[in-house]
Amino acid sequence: MRFTALGTGTISLSPGRSCAGYLVESAGVRLLIDCGSGITRRLAELAIEWQTITHVALTHFHIDHHGDLPTLVFAWKYGFLPPRSAPVEIIGPPGTAALLERLAAAYGAWLTAPGFPLTIREITPAEAVELPNGVKLSVYPVPHTPESVAYSVERNGRRIVYTGDTGPSDALAGWAHGCDLLVCECSLPLEMGIPEHLTPEQCGDLAAAAAPKHLALTHFYPPVENVDIRSIVGARFAGPVTLAEDGWHFDFEDE
């Protein structure tokens, strides 16, 4: 599997960080998790074959996590010749179908009927989605918005967990325990902490409990980058830590 961070920022607009978006590629599956503003541009800048993305998964319904989804569907419909014929599946928590219906009401019926097969699947923690070639996708609820979930992507015994936007959660740490790569939001410095997001201190505590083989931090609001994130997290978690940037990738073969 290869994991690529396309957008490591937030709705606080940044010249160097797009809104949330991450690509997981493995054995014929090209899964885009979240598709916030700037992600379509990043796909082009990084020369990623956006035309052949097979699945899009949303963690929740804030616009910085889905704002570029209509652009991506429009690009699949009109952005190359011959037009796309391969199917796409959009996955998300309950309410995803209603979100797409509202967006289609604003943008046009093409959003849910783009001329190629587009299906919407709502996933709950009680089930797992079996993607092609042994890729397993599952979710876990996190404290951010009522629908917010974290994602787990597994294949051949390797596992990526992406927290999405979340506040502190011992249950999330238990669910993610022992994963190969934990991609964890790191939004705000301690003095600006709120229940719906994590500080570096809380990221370190979460990682210490989850014990991933590698921790990648993301979703940085500008003020958190004024503190020594690496030292704060390192005082709590002894494993390898990456402060992800747009374009950073993790290949399991490298481990």
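What follows is a chat about a predicted model, covering its cores, its salt bridges and one surface patch.

User: Where should I start on the inside? Which residues touch the most other members in the largest nonpolar core?

Analyst: Phe 3, Tyr 151 and Leu 181 do, out of 29 residues in that core. As for where its members come from, the elements giving two or more residues include β1, β2, β3 (29-35) and β11.

User: What does the second core include?

Analyst: That one is separate and has 27 residues, among them Leu 43, Ile 48, Leu 69 and Trp 110.

User: OK, switching to charges. How many salt bridges does a search of the whole structure find?

Analyst: The search turns up 10. One of them pairs the side chains of Arg 2 and Asp 251, at 2.7 Å from N to O. Arg 2 sits in strand β1 and Asp 251 in strand β14 (residues 249-251), so this pair links distant parts of the chain, 249 residues apart.

User: And is Asp 251 buried or exposed?

Analyst: Asp 251 is buried, with a relative accessible area of 13%. Its partner Arg 2 is partly exposed, at 31%.

User: Which helix do Glu 45 and Arg 41 lie in?

Analyst: Both are in helix α1 (residues 39-45), four residues apart, which is about one turn of the helix. Their side chains form a salt bridge at 3.2 Å, N to O. Arg 41 counts as exposed at 56% relative accessibility, while Glu 45 is partly exposed at 44%.

User: What about Asp 180, where is that found?

Analyst: Asp 180 is in the loop between α4 (170-176) and β11 (181-185). Its side chain meets that of Lys 213 in a salt bridge, 3.7 Å from N to O. Lys 213 is in another loop, between α5 (200-210) and β12 (214-218), 33 residues away along the chain.

User: Why does Asp 180 count as buried?

Analyst: Because its relative accessibility is 6%, and buried means under 20%. Lys 213, at 49%, counts as partly exposed.

User: What else is Asp 180 in contact with?

Analyst: Leaving aside neighbours within four places in sequence, its contacts include Gly 157, Arg 158, His 214 and Phe 252. Arg 159 is in contact too, and its backbone nitrogen lies 2.7 Å from a polar atom of the Asp 180 side chain.

User: Last one, on the surface: which residues form a nonpolar patch?

Analyst: Ile 11, Leu 13 and Ile 63, with about 340 Å² of accessible area together. Ile 11 lies in the loop between β1 (2-7) and β2 (21-26) and is partly exposed, with a relative accessible area of 44%.

Technical notes:
Residues numbered from 1 in each chain as written. Predicted model: local features only at pLDDT ≥ 70, side-chain atom pairs only at ≥ 80, totals over all residues. Heavy atoms only, no water. Patch = residues over 30% accessible without salt bridge, like charges linked within 9 Å, V, L, I, M, F, W, Y side chains within 5 Å. Areas by Shrake-Rupley, 256 points an atom, 1.4 Å probe, with all protein chains shown as cover. Salt bridge = Lys/Arg side-chain N within 4 Å of Asp/Glu carboxyl O. Buried < 20%, exposed > 50% of the residue type's maximum accessible area, 1.4 Å probe, protein only. Polar contact = N/O pair within 3.5 Å; in protein donor to acceptor, adjacent residues only side chain to side chain. Contact = heavy atoms within 4.5 Å. Core = buried A, V, L, I, M, F, W, Y, C linked by side-chain atoms within 4.5 Å.
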